[in-house]
Amino acid sequence: MVTGWVISAILILIVRLLVKKPQLVPHRGQAVVENVVSSIRDIMEPIVGKKLIGPTSPLLLGIFTFVLMHNWSGLLPGVGTFGTFDHGHFTYWFRPANSDFNTTFALGVISAVAAWAFFVFRYAGPGVLLKDLFGNKADRNDVGTGIWVALIPIFFAVGLIEVLSIAVRPFSLAFRLYGNVFGGENLLTNMTTLVAYIVPTPFYFLELLIGLVQALVFTLLTAVYIGLICNHGDEEHAH
């Protein structure tokens, strides 16, 4: 938890120092931050749609930056290095926040429950949500009235399965991120224990790549969960 708060405070300080007072013609530090923001926005816009990219950008950018920095925090000197033996187990003083399941589960609840529910109910509404989950997706003109009616209980059962999948999303997000970061931390520890110099170096670069990929996957899944319902509502209105 200490590592999480320290890294978050440093991140906020770096962004404030880079941006300073925003200018119409951006200076170098502001341009760096704006390029990062616009890159994430360009990646997420096709997923959440043009209508929601504005409201969801702060959330998605915050999740990506938070997860990325805490994934990479395990590579900092002193993190995952020092500690004490407690009843035969070595306890680190500082560990990456995302190697703690409590942190990743909190991120999963925020992205897949709290943020998802807010955007879906705010911008799509409960009617679109219920229709998307339990509605009959078949076209009555194509399949005929008899088959269309027969499909109603099937689509309702599929909706129940979809509700179950929504309920487990926080756990799947949390376990995926936690497993990758915790596994990477153990890999670096074991390689450094075997050979202290040179040999572990490629694995540090591997962890840089894995940290970036996992941050992107976590953010993309959050965007997909929101876009699945909200974009579906747009398509319905377009038809």
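Biologist: At what angle do α3 and helix α4 pack, and how far apart are their axes?
Modeller: This is a predicted model, so take everything here as computed. In it, α3 and helix α4 (residues 101-124) pack at an angle of about 175°, and their axes are 12 Å apart. That makes α3 roughly antiparallel to α4, since an angle over 145 degrees counts that way.

Biologist: OK, which residues make that contact?
Modeller: On the α3 side you have Lys51, Leu52, Pro55, Thr56, Leu59, Ile63, Phe66 and Val67. From α4 come Leu107, Ser111, Ala115, Phe119 and Tyr123.

Biologist: And how do the residues of the contact of α3 with α4 divide into nonpolar, polar and charged?
Modeller: There are 10 nonpolar, two polar and one charged.

Biologist: Let's zoom in on Phe119. Buried or exposed?
Modeller: Phe119 is at 6% relative accessibility, so it counts as buried.

Biologist: What does Phe119 touch, not counting residues up to four places away in sequence?
Modeller: Leu52, Pro55, Thr56, Leu59, Ala124, Ile226 and Cys230. Take Pro55: Phe119 and Pro55 are 64 residues apart in sequence, yet 8.5 Å apart in space, C-alpha to C-alpha.

Biologist: Switching partners for α4. How do α4 and helix α5 cross?
Modeller: Helix α5 covers residues 126-134. The axes of α4 and α5 come within 7 Å and cross at roughly 110°. That angle is why the two helices are described as roughly perpendicular to each other.

Biologist: Which residues make the contact there?
Modeller: Trp116, Val120, Phe121 and Ala124 of α4 sit against Pro126, Val128 and Leu129 of α5. By class, that contact has seven nonpolar residues, no polar and no charged.

Biologist: What about Ala114, also in helix α4: how much relative accessible area does it have?
Modeller: Ala114 has a relative accessible area of 47%, so it's partly exposed. If you want a distance, the C-alpha atoms of Ala114 and Gly227 are separated by 15 Å, and those two are 113 residues apart along the chain.

Biologist: New topic: α1. How do the axes of helix α1 and helix α3 cross?
Modeller: Helix α1 is residues 2-19 and helix α3 is residues 50-72. Their axes come within 10 Å and cross at roughly 120°. That makes α1 oblique to α3, because roughly perpendicular covers 65 to 115 degrees. As for handedness, α1 passes α3 in a right-handed crossing.

Biologist: Which residues in α1 meet which in α3?
Modeller: Thr3, Gly4, Ile7, Ser8 and Leu11 are the α1 residues, and they meet Thr65, Phe66, Met69 and His70 in α3. The residues of this contact divide into four nonpolar, five polar and no charged. Phe66 is also listed in the contact of α3 with α4.

Biologist: While we're in helix α1, is Trp5 buried or exposed?
Modeller: Trp5 counts as exposed, at 63% relative accessibility. The C-alpha atoms of Trp5 and Ala97 are separated by 8.9 Å, with their positions 92 residues apart along the chain.

Biologist: How many salt bridges does the structure hold?
Modeller: One salt bridge. The side chains of Arg169 and Glu162 meet in it, at 3.6 Å, N to O. In general, side chains of opposite charge can pair when their charged atoms come close.

Biologist: Where is Arg169 found?
Modeller: Arg169 is in helix α7, residues 145-194. With 7% relative accessibility, Arg169 counts as buried. Glu162, at 30% relative accessibility, counts as partly exposed.

Biologist: Besides neighbours within four places in sequence, what is Arg169 in contact with?
Modeller: Ala112, Trp116, Glu162, Tyr225 and Leu228. You've met Trp116 already, as one of the α4 residues in the contact with α5.

Biologist: Last one: where is Leu220 found?
Modeller: Leu220 is in helix α8, residues 201-238. At 25% relative accessibility, Leu220 counts as partly exposed.

Biologist: Which residues does Leu220 touch, leaving out those up to four places away in sequence?
Modeller: Leu220 touches Ile43, Met44 and Ile47. As for Leu164, its C-alpha atom and that of Leu220 are separated by 21 Å, and the two residues are 56 residues apart along the chain.

Technical notes: Residues numbered from 1 in each chain as written. Predicted model: local features only at pLDDT ≥ 70, side-chain atom pairs only at ≥ 80, totals over all residues. Heavy atoms only, no water. Axes fitted to C-alpha atoms, helices over the stretch in contact; angles between N-to-C directions. Helix = DSSP H or I, 4+ residues; strand = E, 2+ residues; numbered from the N terminus. Parallel < 35°, antiparallel > 145°, perpendicular 65-115°, else oblique. Left-handed = near helix turned anticlockwise from the far one by under 90°. Contact = heavy atoms within 4.5 Å. Nonpolar A, V, L, I, M, F, W, Y, C, P; charged D, E, K, R; others polar. Salt bridge = Lys/Arg side-chain N within 4 Å of Asp/Glu carboxyl O. Buried < 20%, exposed > 50% of the residue type's maximum accessible area, 1.4 Å probe, protein only.
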